[in-house]
Structure formats: C-alpha cells, structure tokens
Amino acid sequence: QVQLVESGGGLVQPGGSLRLSCVASSGSISSLANMDWFRQAPGHRRELVATISSRGSSTNYADSVKGRFTMSRDNAKNTVLLQMNSLKPEDTAVYYCHGHIWTGTWEEVWGQGTQVTVSS
C-alpha cells in the first residue's frame with residue numbers, strides 16, 4: 001500500500017512563492033499512474049489544481065492557476081512537486097497529493113495535506 005506525505009506549506013505574502021513536495025513514505029511514486037494536486041479551503045469543495053501523467057510528459061492545470069503553478073514528478077526520486085509562484089490570497093487552502101494504483105482494480109491514494117496561507 002502506497003502512503004503519501006506532503007510538505008512545504010506555510011505562510012507567504014501575496015506575490016510570493018512556495019514549493020510543495022509529495023513523497024511516498026511507503027511504496028513508490030512510480031507505482032502510481034497519473035498524479036494530482038487538489039486543494040480545499042474551509043467551506044469550499046475540493047478543487048483539482050493540477051494533473052501529471054505517469055512519466056511526467058503531460059500536465060494539465062486549473063484555469064485559476066495556469067501560468068503560476070508548475071507540477072512535476074521524478075519517479076527515480078520518489079517525489080512529486082508543485083511549484084507555486086505569484087501566489088494570491090484565494091490560493092489559501094489545504095493542498096493534497098493524490099494518485100491511483102492498480103491492485104486488481106483502481107484504488108485512490110491521498111496524502112494528509114499541507115496548509116498554504118497567502119496573506120499580507
């Protein structure tokens with residue numbers, strides 16, 4: 001069973017940058033197919049922020065973060081990253097790493113989340 005752990009969240013001023021990391025504390029990132037970053041703010045539905053293919057060759061982003069966020073993965077280093085630039089207060093949320101693994105059927109794997117707060 002793959003377990004995911006996010007890190008890198010914190011408090012940053014508008015216009016600042018953060019880099020979020022997602023590491024498999026057990027199992028491996030390479031065993032997962034496409035990976036995602038989601039975020040959820042209090043009182044809001046969970047939102048898909050970015051998606052990357054199994055080998056990192058293709059990415060997709062929510063319109064709200066295009067041009068500001070970059071998702072990448074390095075299967076050899078067992079790591080998925082989300083580089084966040086030009087941060088806005090509306091980016092404030094808990095960010096979650098997510099993926100799928102084939103175990104005879106497709107199973108979802110979620111990290112515990114890391115808090116990002118953008119405020120002056």
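In this predicted model, Thr 114 sits in strand β11. Its relative accessibility is 11%, so Thr 114 counts as buried. A polar atom of the Thr 114 side chain lies 3.2 Å from the backbone nitrogen of Gly 9. Beyond residues up to four places away in sequence, Thr 114 touches Glu 6, Ser 7, Gly 8 and Gly 9. Leu 20, Ala 93, Val 94 and Tyr 95 are also touched by Thr 114.

Tyr 95 has its own list of contacts once neighbours within four places in sequence are set aside. Thr 114 is one of them, along with Gly 113 and Val 116. Glu 6, Leu 20, Trp 37, Phe 38 and Arg 39 are in contact with Tyr 95 as well. The list is completed by Val 49, Phe 69, Leu 82 and Met 84.

Tyr 95 also belongs to the largest nonpolar core, which has 30 residues. The residues with the most contacts inside this core are Leu 4, Met 35, Trp 37, Leu 82, Met 84 and Tyr 95. Seven strands are named as suppliers of at least two core residues each: β3, β4, β5 (47-52), β7 (69-74), β8 (79-84), β9 and β11 (114-118). Nonpolar side chains tend to be buried together in soluble globular proteins.

Aromatic rings were examined next. The structure has 3 aromatic pairs. In one, the ring centres of Tyr 96 and Trp 110 are 6.4 Å apart and the planes stand at 85 degrees, so this pair is edge-to-face. Distant parts of the chain are linked by this pair. Tyr 96 lies in strand β9 (residues 93-102) and Trp 110 in strand β10 (residues 106-110), 14 residues apart. Trp 110 is partly exposed, with a relative accessible area of 30%. Trp 102 and Trp 106 form another edge-to-face pair, at 5.4 Å between centres and 65 degrees between planes. Trp 102 has 52% relative accessibility, over the 50% limit, and therefore counts as exposed.

Ring pairs also join Phe 38, Tyr 96 and Trp 110 into a cluster. Arg 46 lies over the face of Phe 38, at 5.8 Å from the ring centre.

Strand β10 also holds Val 109. At 3% relative accessibility, Val 109 is buried. Leaving out residues up to four places away in sequence, Val 109 touches Gln 1, Val 2, Leu 4 and Leu 32. Cys 97, His 98, Gly 99 and Ile 101 are also touched by Val 109. Between Val 109 and Gly 15, the C-alpha to C-alpha distance is 31 Å, with their positions 94 residues apart in sequence.

Gln 1 and Val 2 reappear among the contacts of Gly 27, together with Asn 78, when neighbours within four places in sequence are left aside. Gly 27 is in the loop between β3 (18-26) and β4 (35-40). Its relative accessibility is 51%, so Gly 27 counts as exposed. Gly 27 and Arg 55 lie 28 residues apart in sequence and 17 Å apart in space, C-alpha to C-alpha.

Charged side chains were considered last. Side chains of opposite charge can pair when their charged atoms come close. The structure contains 4 salt bridges. Arg 39 and Asp 91 form one of them, at 2.9 Å from N to O. This pair links distant parts of the chain, 52 residues apart. Arg 39 is in strand β4, whereas Asp 91 is in the loop between β8 and β9. Arg 39 is buried at a relative accessible area of 6%. Asp 91 is buried too, at 1%.

Asp 91 has a further partner. The side chains of Arg 68 and Asp 91 meet in a salt bridge at 2.8 Å, N to O. Arg 68 lies in the loop between β6 (59-61) and β7, 23 residues from Asp 91. Both residues of this pair, Arg 68 and Asp 91, are buried. Through shared partners, salt bridges join Arg 39, Glu 47, Arg 68 and Asp 91 into one network.

Asp 63 and Lys 66 also meet in a salt bridge, at 3.1 Å from N to O. Both Asp 63 and Lys 66 are exposed, whereas Arg 68 and Asp 91 are buried.

Methods. Residues are numbered from 1 along each chain as its sequence is written. This is a predicted model: local features need pLDDT of at least 70, side-chain atom pairs count only at pLDDT 80 or more; totals for chains, interfaces and linings use all residues. Side-chain values use heavy atoms; hydrogens and water are left out. Helices (H or I, at least four residues) and strands (E, at least two) are DSSP runs, numbered from the N terminus. Buried means under 20% relative accessible area, exposed over 50%, partly exposed in between (1.4 Å probe, protein chains only). Contact means heavy atoms within 4.5 Å. Rings of Phe, Tyr and Trp (its six-membered ring) pair if their centres lie within 6.5 Å; planes under 30 degrees apart count as stacked, over 60 as edge-to-face and the rest as tilted. A charge sits over a ring if NZ of Lys or CZ of Arg is within 6 Å of the ring centre and within 35 degrees of the ring normal. A nonpolar core is a set of buried Ala, Val, Leu, Ile, Met, Phe, Trp, Tyr and Cys residues joined through side-chain atoms within 4.5 Å. A polar contact is a pair of N or O atoms within 3.5 Å; within protein, one must be able to donate a hydrogen and the other to accept it, and residues adjacent in sequence count only if both atoms are side-chain atoms.
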